[in-house]
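Subject: Structure handover

Hi,

Here is the structure we talked about. Please open it alongside this email; my notes follow below.

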Amino acid sequence: MEKAVVDKMLSHIGFRNGDGLFCPGGSLSNMYAMNLARYRMFPNVKLTGVSGLPALCVMTSEKGHYSVKKGAAFLGIGMNNVIAVKTDVKGRMIPEELTRAIEGVKSLGYVPFIVNATAGTTVFGAYDPLSDIADICETYGLWMHVDASWGGSVLLSDKLRDKVNGIGRADSVTWNPHKMMGVPFQAAGFFTRHKDILSECHSAKAKYLFQQDKFYDVSFDTGDKSIQCGRKVDALKLWIMWKAKGSNQFAADIENIFNCANYLAQKLAKTEGFRLVVKEPECTNVCFWYIPPSLRTLDETAEWWDNLSKVAPLIKQRMTEQGTLLIGYQPDGDLVNFFRMVVVNHKVTEQEMDFVISEIERLGKDI
């Protein structure tokens with residue numbers, strides 16, 4: 001059953017002869033990618049350890065997920081050796097900056113071995129330019145990983161999959177059905193186009209568990225290619241949903257949340273007192289400030305921005321206490337606190353997007 005689901009997802013990615021497995025979340029999936037990438041460049045690391053390796057570094061977007069740093073720490077690479085690549089105003093990795101960063105670390109004697117691209121960043125929902133990044137990875141001989149934990153489900157829609165053009169050229173992909181596909185938590189997948197590398201990198205060949213002389217096809221014993229031993233059958237939930245809904249309904253549901261997010265962004269742009277952080281969101285993350293009437297006619301000084309930073313937390317408190325909405329907020333770099341409305345409920349409607357705006361106005365107009 002897991003093999004059937006993995007094969008289905010591999011075909012959507014474009015890994016026709018690849019491999020994959022389910023694991024506990026995107027953070028661990030991203031760590032799998034780093035471990036496989038290091039093994040491919042330095043296969044002796046599995047037996048002899050890291051002591052003989054050069055100083056390695058990981059290239060990732062400055063807007064990428066924090067799990068890349070955690071994985072680097074866990075694998076002995078070190079958080080300081082995770083190199084953040086600059087992004088554009090939408091939060092997408094800039095290919096020229098990636099090239100510049102690679103050349104920079106190489107000139108200092110470091111060895112980059114993996115580029116972590118993102119399809120759907122956590123805050124802005126940005127999609128990195130995967131085809132351009134793939135060209136760079138091929139030029140430098142680097143493993144290309146795509147963290148599509150959040151935004152990878154656009155692969156199911158013919159209307160939206162252009163957002164991840166080039167994903168089939170990657171070496172590995174993280175894709176979490178428990179996010180945009182709405183599968184009950186947890187259901188997270190890691191996929192690679194290299195058929196045997198999971199087994200080669202991770203297997204310990206414990207004969208008391210993974211006997212090769214069983215009466216059935218032992219390729220169904222997938223445990224040895226995982227870094228876990230016992231695992232839950234997380235793929236079962238997705239298998240059942242896929243059987244019940246079908247690919248067409250998954251696509252329609254995902255297209256609906258994109259449509260509603262676009263509707264919300266367009267209406268926010270036209271409504272007094274609201275300002276989009278990213279004018280044209282790429283995913284269903286709609287980030288915006290609410291500017292109460294008391295601030296609208298004032299000069300946007302440092303003090304003004306400081307006062308604006310306090311608006312979203314106060315409105316969040318009010319909406320939580322009154323039980324009408326539950327929308328997150330956060331700062332990002334030099335940007336002060338803003339709302340991040342992530343449209344993910346498959347049954348959401350445009351009328352509910354209207355309510356988001358009117359309710360924030362009601363809760364914040366006296367601030």
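Start with T48, which is exposed because its relative accessibility is 57%, over the 50% cut-off. T48 sits in helix α3, residues 45-48. Compare its position with that of E62: the two are 14 residues apart in sequence, yet their C-alpha atoms are 32 Å apart in space. Keep in mind throughout that this is a predicted model.

**The lysines**

K179 carries the annotation. UniProt, in an unreviewed entry, places the feature "modified residue: N6-(pyridoxal phosphate)lysine" there. That comes from the record, and such annotations may be inferred rather than shown by experiment. In the model, K179 lies in the loop between β6 and β7. Is K179 buried, exposed or partly exposed? Its relative accessibility is 31%, so K179 counts as partly exposed. Beyond its sequence neighbours up to four places away, K179 touches S149, W150 and V344.

K163 lies in the loop between β5 (143-147) and β6. K163 is partly exposed, because its relative accessibility is 29%. Its contacts, again leaving out residues up to four places away, are Y127, V154, F258 and E282. L130 is 33 residues from K163 in sequence. In space, the C-alpha atoms of K163 and L130 are 9.0 Å apart.

**A cis peptide**

Check the bond from F185 to Q186. That peptide bond is cis, with omega near 0°. Most peptide bonds are trans. Q186 lies in the loop between β6 (172-175) and β7 (188-192). K179 is placed in the loop between β6 and β7 as well.

**Two buried positions**

S157 is in the loop between β5 and β6. K163 also lies in the loop between those two strands. S157 is at 0% relative accessibility, so it counts as buried. Which residues does S157 touch, not counting those up to four places away in sequence? They are A251 and E255. Both belong to the stretch of helix α8, residues 235-270. Y66 is 91 residues from S157 in sequence and 28 Å from it in space, C-alpha to C-alpha.

D332 is found in strand β10, residues 328-332. D332 is buried, because its relative accessibility of 13% is under the 20% cut-off. Outside the four places on either side, D332 is in contact with K63, V123, F124 and F338. A261 is 71 residues from D332 along the chain. Their C-alpha atoms are separated by 20 Å.

**The α8 and α12 packing**

Next, a helix pair. The axes of α8 (residues 235-270) and α12 (residues 350-364) come within 9 Å. They cross at roughly 40°. The crossing is right-handed. Which residues meet there? From α8 they are C260, Y263, L264, K267 and L268. From α12 they are E350, M353, D354 and I357. By class, this contact has six nonpolar, no polar and three charged residues.

**Cysteines**

How many disulfides are found in a search of the whole structure? Zero. C57 is in no disulfide. The nearest cysteine sulfur to that of C57 belongs to C137, 12 Å away. A disulfide here would need two cysteine sulfur atoms within 2.5 Å, so C57 does not qualify. C57 is also buried, with a relative accessible area of 0%.

C260 is in no disulfide either. Its nearest cysteine sulfur is that of C283, 13 Å away. C260 is buried, with a relative accessible area of 2%. C260 is also one of the α8 residues that meet α12.

**Where to look**

If you have only a few minutes, I would open these views:

- The cis bond from F185 to Q186.
- K179, the position of the UniProt feature, with S149, W150 and V344 around it.
- The right-handed crossing of α8 and α12.
- C57 and C260, both in no disulfide.

Best wishes

Definitions and conventions
Residues are numbered from 1 along each chain as its sequence is written. This is a predicted model: local features need pLDDT of at least 70, side-chain atom pairs count only at pLDDT 80 or more; totals for chains, interfaces and linings use all residues. Side-chain values use heavy atoms; hydrogens and water are left out. Helices (H or I, at least four residues) and strands (E, at least two) are DSSP runs, numbered from the N terminus. Buried means under 20% relative accessible area, exposed over 50%, partly exposed in between (1.4 Å probe, protein chains only). Contact means heavy atoms within 4.5 Å. Axes are lines fitted to C-alpha atoms, for helices over the stretch in contact, and angles run from 0 to 180 degrees between N-to-C directions. A crossing is left-handed if the near helix is turned anticlockwise from the far one by less than a right angle, and right-handed if clockwise. Ala, Val, Leu, Ile, Met, Phe, Trp, Tyr, Cys and Pro count as nonpolar, Asp, Glu, Lys and Arg as charged, and the others, Gly among them, as polar.
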